[in-house]
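Ready for a little practice in reading a protein model? Have the structure open beside you and try each exercise before you look at its solution.

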Amino acid sequence: MLNCLRSPGKMAVSRLPFFLALAFSSLSFVLSHWNREMWFQDFFPPNMCPINAKDNTFYGIMFDAGSTGTRIHIYTFVQKSPENLPELEGEIFESVKPGLSAYADQPEKGAETVKRLLDMAIDAVPPHLWKKTPVVLKATAGLRLLSEEKAQSLLLEVREVFEESPFLVPEDSVSIMDGSYEGILAWITVNFLTGQLSGQNQHTVGTLDLGGASTQITFLPRFEETLKETPGDFLTSFEMFNSTYKLYTHSYLGFGLKAARLAILGALNVEAVDGQMFRSSCLPKQLEAEWHFGGVKYQYGGNKEGETGFKPCYLEVLKVVKGKLHQPDEIRGSSFYAFSYYYDRAVDTNLIDYEKGGVLEVRDFERKAEEVCDNMEKYNSSSPFLCMDLVYITALLKEGFGFRDNTLLQLTKKVNNVETSWTLGATFHLLQSLGITY
Ligand SMILES: O=c1ccn([C@@H]2O[C@H](COP(=O)(O)OP(=O)(O)O)[C@@H](O)[C@H]2O)c(=O)[nH]1
Ligand SMILES: [Ca+2]
């Protein structure tokens, strides 16, 4: 087997089977909502390893500046012959914690974390291709929640790091991504990797992404009714294989798992958090601790005297979720791909295997929440937030989006060894918009 590692550190290199390459011919979409065009064409998945860089190999570097961490994805593509379309060959992935927003008051330090990741790309991409390899960073909810001034100074510092690198720095290479893009691009990635964007019988799958600060839901409505009863800004038109699709997508800012913890504790958007103790029935009774998120320190603890456990916790969480999200009827009976914190918490509680993922029903999260919340002393060694997180996931799915107890969720971290992240969709768009088709 070929060794794909080109620099020290924890890297994952992924390869896709060739059958996907054959299945995927061209993809384009038009975002009518913003009157913008994006063409995703000519990308075929992989069957080679980046270490075999030949003349026909090219790269794309995409940074995901998330609220809890910053990640680099270095994608490798191969153009086998001028008349053939390029294939996606593999992915090198690395991440650091915390995310950029934790450096709100030290933008230079934040940019240093990006530089360290970018150094990996210097090792991974052959020097003669540096100038042709675009590098882009898109920030998500963590930066959306910062003040404009703080967010902009972070982005400026990162831009300087890019300018000093040997890579191609496109215009607008460092930005905060619109939440709708986040959902759409993740949907593109998942449906591309599962081979649903090609051929006659396309059965696309909906996607659920639960980040630290925001959460996205995206699917292709099948019923005219759904289109009629959905607010206009939840719908986005795009073209693919000469067909026009209307996608339902929405990003809920402040509904990511960690932002939800603050909301449940009553600490979200509170001005002076210093010295305040935020308590919840979702936490172990005797707990008193500190938690850092988005560069702010919070003190939190359990209900020393009052109630603790699943029931009181569910009522507390309900206040944060109920009536706050749009509930499309159509999704009640459909199944969805779910990743990020849905995946992590399912792994933490042995609902699924870390490597394989698995299929769960919504009620599996509820059962596990009851088990953990009513036996908090037994789960002492894991995160003190485990009960709160599971109850939030249950309430978000049931009371927020309106899923049924038996709605199926396909918990997935990687498809054919490629991360189910919006970054692949974003890279397709980037390469196409730059006309990088060798
Ligand atoms: O390439 C990635 C990037 C993020 N995550 C997951 O996304 C969640 C964190 O979300 P993030 O920091 O991106 O927050 P956001 O900015 O999206 O709200 C955690 O479950 C991570 O494991 C992941 O699985 N793969
Ligand atoms: Ca994310």
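Below are four exercises on this predicted model, each with a worked solution.

**Exercise 1. The surroundings of ligand 1**

Task: Find which residues come nearest to ligand 1, and which elements give two or more residues to its shell.

Solution: Start with the ligand and look outward. There are 22 residues around ligand 1, and those that come nearest are G66, T68, T140, G211 and S340. Next, look at the elements: α3 (141–144), β16 (336–340) and α9 (341–348) each give two or more residues to this shell. Finally, sort the shell by class, which gives 13 polar, five charged and four nonpolar residues.

**Exercise 2. A three-stranded sheet**

Task: Work out the strand order of the open sheet that holds β13, β14 and β15, and name its edge strands.

Solution: Reading across the sheet, the order is β13-β15-β14, and the pairing is mixed. The edges are β13 (277–280) and β14 (288–293), as each of these pairs on one side only. From one strand to the next, the twist averages 40°. Now take one pair by itself: β13 and β15 (residues 296–302) run in the parallel sense, with four bridges between them. For a bridge to locate on screen, try R279, whose partner in β15 is G301. To finish, add the helix that packs on this sheet: α7 (residues 257–265) touches β13, β14 and β15, and its direction makes about 95° with that of β13.

**Exercise 3. Two crossing helices**

Task: Describe how α5 and α12 are arranged relative to each other.

Solution: Packed helices are described by two values, the angle between their axes and the distance between the axes. Here the axes of α5 (residues 179–193) and α12 (residues 422–433) come within 6 Å and cross at roughly 90°. Angles of 65 to 115 degrees count as roughly perpendicular, so α5 is roughly perpendicular to α12. Now list the residues that meet: E182, L185, A186, I188 and T189 come from α5, while W422, L424, G425 and A426 come from α12. By class, this contact has six nonpolar residues, two polar and one charged.

**Exercise 4. Placing K150**

Task: Decide whether K150 counts as buried, exposed or partly exposed.

Solution: First locate the residue: K150 sits in helix α4 (residues 148–164). Then count its neighbours, which gives 16 C-beta atoms inside 10 Å. A buried residue needs 20 or more and an exposed one has 12 or fewer, so K150 counts as partly exposed. As a last step, look along the chain: Q106 is 44 residues away from K150, yet their C-alpha atoms are separated by 9.3 Å.

Definitions and conventions: Residues numbered from 1 in each chain as written. Chains lettered and ligands numbered in written order. Predicted model: local features only at pLDDT ≥ 70, side-chain atom pairs only at ≥ 80, totals over all residues. Near = placed C-beta within 6 Å. Nonpolar A, V, L, I, M, F, W, Y, C, P; charged D, E, K, R; others polar. Pairing = 2+ DSSP bridges. Axes fitted to C-alpha atoms, helices over the stretch in contact; angles between N-to-C directions. Contact = placed C-beta atoms within 7 Å. Parallel < 35°, antiparallel > 145°, perpendicular 65-115°, else oblique.
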